[in-house]
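Visitor: I am new to this structure and should like to understand the terms used to describe it. May we look at it together?

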Amino acid sequence: MPVTLSLKTAQYIDQDAQKIVSGLPVLHGEYGVPGEHIAFLRKFFRAHDTQTIMKLYRKLYMVECRRVSPLTRAVVGIAATVYRNIRSCGDNPLVCELLQLLAKPNMQALLYSHDKIASRDFTPQLHPEGGSDARDEPLTPGENGTEDGTGHVRVIQLIKDREPLGATLQYNDESGTVQIARVLMGGAADRSGILHVGDEILEVAGQSVRDKTPDQIATELTKMSGAISMKILSGTHRLITLRESKMRVRAFFDYNPIYDVLNPCPEAGLTFCRGDVLHIVSQEDPWWWQARREGERTGRTGLIPARQLQERNEIIRRYHSDDDVTTCSSRSPRGTSPCRFSPRIPRTRRVRRKMYQSQHSGGTPDLLRREYDVEDIPTYEEVDLYQPNADVFRPVVLIGPPGVGRHELKRRLLSHDPDLFEEVVPYTSRRKKTHEQDSREYHFVPREEMERGIINHRFVEYGEFKGNLYGTSYASIRSVISRGKICLLCPHTQALKLLRSPEIKPFIVYVKPPPIEVLCITRKQMRAMKTLEGGATRLITDEDFTDMLTIGSRIEDKYAHLFDAVVINDDIVKATKQLLIVIHELQRRPQWVPLHWLR
Ligand SMILES: Nc1ncnc2c1ncn2[C@@H]1O[C@H](COP(=O)(O)OP(=O)(O)OP(=O)(O)O)[C@@H](O)[C@H]1O
């Protein structure tokens, strides 16, 4: 039923807004909120736009809450009665027009379809004898039917395409038959409404299935289409109709049921890739969830491993794998920082590299080290849609292997639109030089103050170089956000975990190196430089390219599930443009973010 939404409205007063306005003096009187704040709120809630938005919100909420149900299932009959009654009403042109309209085959078909849909009568009546899709058969001796219809042998007709049955089957040791273990929401079995968990399958298309395995039956059923007759013994417990869950998750791993030996029915499994957002429609089974890919409204529901099953599988896989992730972090490749925290905070090129190597950062508290040593097992992350805010921008975090061009991209964005982009001012414990200004190059603070900040988790990343501490604080990032600018960050990948917080809400872009041939050509053309410890520079070499690709693929292995976008830095002009497009979209379109960021 349509929702009427009258917004004619210069004089419209929203009741909720009115209530809020009348309660504002309490804020002033009892809580001491300043008068000008109250005046601002009063003006805001009286504004026409605010009231319209509140009304829209309420209407949308009502639509969401409303369970749509038909007013009648008999419009065909009503239309026939109307037709009969007005036929004798003379020559009134309106009556003539209505009679013509009601007599049209298209209109009659439309009314007929309405009644069919309202009665949820979707199944063609193919059975010649009973005209029904399910009929009871006389019980064979020893079969005891019960009053609720369970324990009866029934012959049913299932209508489906060449799609999986939409149910998983299992062997019942006691009865020696194959029975339905679960019904997948929205699948053929579920749509039919006549197959239930616990039903035993006796025959398919007139053939006994007594000697067949569940897999064989499932495969045969997948291949069949049209009206498939099945003889079943109704199970002893009926499926309770489940409501579809609203949960959405982002998958942190690739999954293909064909390669999953544990999947009870690979045909009923759902394939997905790392980063896909999935709609979890049912978690009824603690080991196997039912899901479909988000955005595919008519998409197939399939089985995926539940979180705890995937965690268990992953632990076992890691245990048996030579490539155990826990040993990865100790195998630091040439040129990679094995440190926990940031590479490159200083603003001057002279002190930029190597300063955050762990061998220099003697002051790293154990507590923080441990935080990073505990490796979470990436399975699923519950997500929800975040609506971009016109005044508060998510910081853009560029991640990538050393030398891939993150700082070059940042520099280009900053000069492209200095009013929109800003980088953070880092903290340091070193002494200010004469040409430097506090809070411009660095926030200059005493060493003890920085150490306290580190212990109190005020820094996203930090490190030590030549006896001085350097670090990026949450406060610096917040300060850029609060000025309505897009904060650009190039932290070490290991800082991602700390950055991914509700208050920062970072948008993570992976800057990916192009293939080695393209790296060689583009970097040599631009005489790309590698900066060494102490600030010296030299031309990037072929060996650096190999390192960049090795470290890049290691970063992808470990962190790809956290990337919101990937930009390949082949041609720098093209990559900058692509990054600008990504950021532009970020400001306009809703994004899936961890659910806890929005609560
Ligand atoms: N697409 C490109 N084509 C050619 N040269 C590039 C390209 N991107 C970056 N460069 C050059 O490569 C060098 C390294 O780039 P940059 O310093 O931005 O790397 P980075 O990712 O910030 O490295 P690090 O993380 O180690 O600081 C610079 O000389 C830069 O101008």
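Visitor: How do the residues of the shell around the ligand divide into nonpolar, polar and charged?

Guide: In this predicted model, the shell holds nine nonpolar, six polar and five charged residues.

Visitor: What makes a residue part of what surrounds the ligand?

Guide: The C-beta atom, placed from the backbone, must lie within 6 Å of the ligand. By this rule 20 residues surround the ligand, and the closest are Pro402, Gly405, His407, Glu408 and Ala528. Helix H12 (406–416), helix H16 (516–525) and helix H18 (572–588) are the elements that give two or more residues to this shell. H12 gives the most, with three residues.

Visitor: How do you know that H12 and H18 meet?

Guide: Two residues are in contact if their C-beta atoms, placed from the backbone, lie within 7 Å. On the H12 side, Glu408, Leu409, Arg412, Leu413 and His416 take part, and they meet Ile572, Ala575, Thr576, Leu579 and Leu580 in H18. This contact is made up of six nonpolar, two polar and two charged residues.

Visitor: What describes the packing of H12 and H18?

Guide: Two packed helices are described by the angle between their axes and the distance between the axes. For H12 and H18 the angle is about 65 degrees, and the axes are 10 Å apart.

Visitor: Is the crossing of H12 and H18 left-handed or right-handed?

Guide: The crossing of H12 and H18 is right-handed.

Visitor: Why are strand S11 and strand S24 said to stand at the edges?

Guide: The open sheet of six strands has the order S11-S10-S9-S8-S12-S24, with antiparallel pairing. Strand S11 (302–305) and strand S24 (591–594) each have a single partner strand, so one side of each is left without a neighbour in the sheet. From one strand to the next, the twist averages 55 degrees.

Visitor: How do you know that S10 and S11 pair?

Guide: Pairing requires at least two bridges between the strands. Strand S10 (residues 288–293) and S11 are joined by four bridges in the antiparallel sense, and thus satisfy the requirement. Trp288 has Pro305 in S11 as its bridge partner.

Visitor: What makes the pairing of S15 with S16 parallel or antiparallel, and how many bridges join them?

Guide: Strand S15 (residues 427–428) and S16 run parallel, joined by two bridges. Tyr427 stands opposite His443 in S16. Helix H13 (residues 447–455) packs on this sheet, touching S15, S17 and strand S18 (468–473).

Note on methods:
Residues numbered from 1 in each chain as written. Predicted model: local features only at pLDDT ≥ 70, side-chain atom pairs only at ≥ 80, totals over all residues. Axes fitted to C-alpha atoms, helices over the stretch in contact; angles between N-to-C directions. Nonpolar A, V, L, I, M, F, W, Y, C, P; charged D, E, K, R; others polar. Left-handed = near helix turned anticlockwise from the far one by under 90°.
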